[in-house]
Amino acid sequence: MSIELLLRERKSLIRERLRTDGRVLAADLAREFNVSEDTIRRDLREMAAAGLCERVYGGALPIAPDAGSLSERAALAPESKAALARASVGFIRHGMTVFLDAGSTNLAIAQTIEPGLSATIVTNTPLIASALLEKPGLDVILIGGALDRAVGAAIGARAQRDAALMRPDLCILGTCGADADAGLTAIHFEDAEFKRLIAARSRSVVVAVTTDKLGTAAPYAVIGIDGVSTLVLEAGAPEAYIAAFTAQGASVVLVKGSAG
């Protein structure tokens, strides 16, 4: 059997482990395939370069899902996102200043806010701002600059300068991937930079996460799980993820009726 064939088979098996188990560890794979850890690390680097996994310390994770534009993402799993939104909106209280970050679940949160709530909502996302304008009790601030079409929000230098002036009571942060070790991650570099900035400026951070994002990672780090106050998850979220998140100090709220 050729070396190239062995390499292809090994990578195929690694992809299968990622699909079935989520995280893979280089040490475990080296023992299983009877090769060195350096060989496995090289395999994982090559797979990451090809977009087949995301390298993390000691191994790799599945790639965080990328479902296209904000409008396209909003059309996926609407019932799950609506359930997460109903649970998340309770963190917004009268008189608060809240930053509502870009994201399809956060768009659902904006749509769920009761018209009578009196609060100031800041966002960098025109679709979210538009949904908030239907709520007469809210003061809405849209921070600006050039819009990133993929993210659906302003995330560049102007938006970051505006965000640096904010001290929100609450940040409801969007994320592309969520893992206890990799933390919250984003697909786009400037989006990660913006999220990291606004999270650091906020008194508390809440993140609503659909189950498909758990145990995945995108290329750019945002914040660690220890920087999150509360994770709002679907009821079917695996126990191992819940335990790992709470071990990092985050509270976890499970949303009944959102799984499946």
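Two strands pair if DSSP finds at least two bridges between them. Strands (E, at least two residues) and helices (H or I, at least four) are DSSP runs, numbered from the N terminus. The model is predicted: local features need pLDDT of at least 70, side-chain atom pairs count only at pLDDT 80 or more, and totals for chains, interfaces and linings use all residues. Residues are numbered from 1 along each chain as its sequence is written, and side-chain values use heavy atoms, with hydrogens and water left out.

**Exercise 1.** Work out the order of the 3-strand open sheet and find its edges.

*Solution.*
- Start with S1 and S3 (residues 59–61): they pair in the antiparallel sense over 2 bridges.
- Check the register: Leu 25 stands opposite Gly 59 in S3.
- Write the order: S1-S3-S2, with antiparallel pairing.
- Mark the edges: S1 (24–25) and S2 (54–56) each have a single partner strand, so one side of each lacks a neighbour in the sheet.
- Add the helix: H3 (residues 37–49) packs on the sheet and touches S1, S2 and S3 (contact: heavy atoms within 4.5 Å).
- Set the angle: the direction of H3 makes about 140° with that of S2 (axes are lines fitted to C-alpha atoms, for helices over the stretch in contact; angles run from 0 to 180 degrees between N-to-C directions).

**Exercise 2.** Describe the largest nonpolar core.

*Solution.*
- Define the set: buried Ala, Val, Leu, Ile, Met, Phe, Trp, Tyr and Cys residues joined through side-chain atoms within 4.5 Å. Buried means under 20% relative accessible area (1.4 Å probe, protein chains only).
- Find the hubs: among 38 residues, Leu 173, Leu 184 and Leu 231 touch the most other members.
- Name the top contributor: H9 gives the most, with 4 residues.

Key
Buried < 20%, exposed > 50% of the residue type's maximum accessible area, 1.4 Å probe, protein only.
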